[in-house]
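Here's a quick briefing to read with the structure open beside you. Take it one topic at a time.

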Amino acid sequence: MRKKIMHISQSNGGVAKYLKMLFKYMDKDKYEQILVYPSEYISEKEEFEVLVDKIESADMVREISIKDDIKSIIQIYKLIKKYNPDLIYLHSSKAGALGRIINIIARKPIIYNSHGWAFNMDISKIKKYIYRLIEKFLARYCNKIIAISEQEKISAIDNKICKEDKIEVIYNGIDIGEYEASKLDKIEARGNKDIPNDSLVIGMVGRICKQKSVDTFVKVAARIKSTIPNSYFVIVGDGDEREKIESLIEELGLKDSVLITGWVKNTYEYIQTFDIAMLLSRWEGFGLAIAEYMVSEVPIIATNVDAIPNLIKNNEDGILVEVDNIDEVFKSTIKIVEDKEFANKIINNSKNKVLNNFDIRRVVYQHQKLFEELI
């Protein structure tokens with residue numbers, strides 16, 4: 001008889017991608033997968049339906065709201081009663097909080113994965129304090145906390161969230177098989193997306209939000225464009241700051257030189273058009289896009305923050321820069337463009353690293369082992 005795993009998630013973007021990969025390779029003979037997903041992201045339903053056994057929607061808002069959160073708790077509790085899962089897996093801070101509050105009554109084996117601690121965000125000191133208190137209090141109502149990088153574990157211990165033995169480090173991973181299946185040469189990939197073949201294409205993958213520092217990417221783009229006239233920029237993603245970023249693009253005279261794709265099903269189709277890839281996050285739990293850049297053999301410029309140095313060794317498999325430092329990002333870009341030997345070195349090193357360490361099948365194996373221990 002298959003064991004029932006109920007996944008509860010509040011986030012879209014990287015968390016949704018993580019779940020899709022997890023479901024794709026999970027042993028379907030051993031586990032029945034049930035997904036509880038926010039009503040606002042139900043457009044993702046078709047993709048999830050082919051990967052899970054059951055999918056349900058619940059009203060979950062990102063911010064703390066007593067009225068909305070009570071409504072969410074009631075909805076989710078009813079779904080737990082309906083399916084009676086053997087184990088509940090909570091994804092993202094908000095789902096983690098709601099699910100663990102419910103588990104005070106439900107009393108199920110629970111795994112929690114914040115996918116990046118909320119108290120590490122660039123927010124006010126009061127909010128950081130509140131989020132730490134919430135995490136510390138609710139840690140007692142789950143069996144295991146998954147840290148998606150060593151830095152996430154260190155951060156939890158430093159902030160006294162829970163005892164060390166409650167934390168299981170399972171490094172994130174990517175679907176290398178998906179990349180291989182969609183692999184194209186650069187000219188063909190650009191032709192499919194109407195991206196100029198003779199351009200220096202610089203891109204980023206991520207939600208258009210404060211965390212991913214898309215505003216810095218656009219400001220860097222303006223500086224690069226003034227030095228390299230044939231440069232072209234691609235933002236793969238969408239988000240609540242899209243209008244703000246589009247206004248900045250127009251203000252800086254980049255309207256004809258920047259493509260914003262919106263949400264896409266296969267990010268590799270765009271990453272393969274890049275000559276240089278960036279992830280300029282202000283904070284980062286893991287940085288899944290970095291592993292995708294690595295397997296796609298694109299030189300990387302990323303910020304030296306949180307978990308990113310766990311993936312990139314500076315000047316060995318990428319270049320690390322300080323947060324919001326436009327000058328550093330610009331100089332790093334010029335270095336990659338002008339020093340082909342250096343660029344090839346970091347491409348080869350990063351490709352080897354991702355193949356050896358960041359395959360999603362390893363992530364799935366570690367999860368299934370943990371499921372067996374807890375059920």
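Tyr-365 and Glu-373 are exposed (over 50% relative accessible area, 1.4 Å probe, protein chains only), on the other side of helix H16 from its buried residues (under 20%). This is a predicted model, where local features need pLDDT of at least 70, side-chain atom pairs count only at pLDDT 80 or more, and totals for chains, interfaces and linings use all residues. Residues are numbered from 1 along each chain as its sequence is written, and side-chain values use heavy atoms, leaving out hydrogens and water.

**Helix H16**
- H16 covers residues 360-374; helices here are DSSP runs (H or I, at least four residues) and strands are E runs of at least two, numbered from the N terminus.
- Its buried residues include Val-363, His-367 and Phe-371.
- The buried set covers an arc of only 160 degrees around the axis, which puts these residues on the same side of H16; the arc uses directions from the helix axis to the C-beta atoms.

**Aromatic pairs**
- The whole structure has 13 aromatic pairs, meaning Phe, Tyr or Trp rings (for Trp, the six-membered one) with centres within 6.5 Å; planes under 30 degrees apart are stacked, over 60 edge-to-face, the rest tilted.
- Tyr-89 and Phe-371 pair edge-to-face, at 6.3 Å centre to centre and 80 degrees between the planes.
- Tyr-89 sits in strand S4 (residues 87-91) and Phe-371 in H16, so this pair ties together parts 282 residues apart in sequence.
- Tyr-89 is buried, at 0% relative accessible area, and Phe-371 is buried at 0%.
- Phe-23, Tyr-37 and Phe-48 are linked into a cluster by ring pairs.

Terms used: The expected span of a helix is 1.5 Å times one less than its number of residues.
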